[in-house]
Amino acid sequence: MDDQNPVMGLVHLLRAVTVEFDLLGAEFAARNGLHPTDVRALIHLLDAARARQRATPGWLGEQLRLNSAGTTALVDRLERLGLVRRNRDTADRRRVLLEVEEKAMELGWAFFGPLISEVAVAAEGFETRELETVRRFLTSVLESTGRAGSG
């Protein structure tokens, strides 16, 4: 493929951003005695909370592509560290819901807050229609990764 192609330029730039985010996630994990999968789990749980989606261990396992035993070990570890708690679903007492503890949010914000602020400042330099184009592009890329990963 032609690396001078504007589309390939975007692919390489997106890969570079992804690598940088991955390195920051690994640094955060190492500083806080976490496994990179722990960090990904916390991100999924925070995203679920923001979307007002009920997160169960089964749902989390699907997001992380973990089997039941791996998910249980992960949730046990996060619970022992005081980062996640299990609660019974009030609508269905047989179901367990996962919630991120305030401690996890504080740790995450202390580390990632400056990055989030810098990204927000960078985004403020774009017009609304440009941001919509970027959002559509990133959404399409995210959907593409789901299709490529399931094949």
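Which residues lie nearest the centre of the largest pocket?

## The largest pocket

They are Val17, Thr18, Phe21, Ile43 and Asp47, out of 43 residues that line the largest pocket. Keep in mind that this is a predicted model. As for room inside, the largest pocket holds about 2,300 Å³ of space.

Five elements give two or more residues each to that lining: the helices α1 (6–31), α2 (36–50), α3 (57–64), α5 (102–124) and α6 (128–149). The largest share comes from α5, which puts in 11 residues.

What is the chemical make-up of the lining of the largest pocket, by class? Sort the residues and you get 29 nonpolar, eight polar and six charged.

## The second largest pocket

Next up is the second largest pocket, with about 230 Å³ of space. Its lining is made of 14 residues, and the ones closest to the centre are Ala48, Ala49, Gln53, Leu98 and Glu99.

Helix α2 and strand β2 (96–100) each supply at least two residues of this lining. Here α2 gives the largest share, with five residues. By class, the lining of the second largest pocket has nine nonpolar residues, four charged ones and one polar one.

## Where α2 comes in

If you are scrolling through the structure, α2 is a handy place to stop. Helix α2 is among the elements that give two or more residues to the lining of the largest pocket, and α2 also supplies the largest share of the lining of the second largest pocket.

Conventions. Residues numbered from 1 in each chain as written. Predicted model: local features only at pLDDT ≥ 70, side-chain atom pairs only at ≥ 80, totals over all residues. Heavy atoms only, no water. 1 Å grid on protein atoms, 1.4 Å probe; cavity = no way out; pocket = protein on both sides within 12 Å on 5 of 7 lines; lining within 4 Å. Points joined across faces, edges and corners; volume = space filled by probe spheres on them. Helix = DSSP H or I, 4+ residues; strand = E, 2+ residues; numbered from the N terminus. Nonpolar A, V, L, I, M, F, W, Y, C, P; charged D, E, K, R; others polar.
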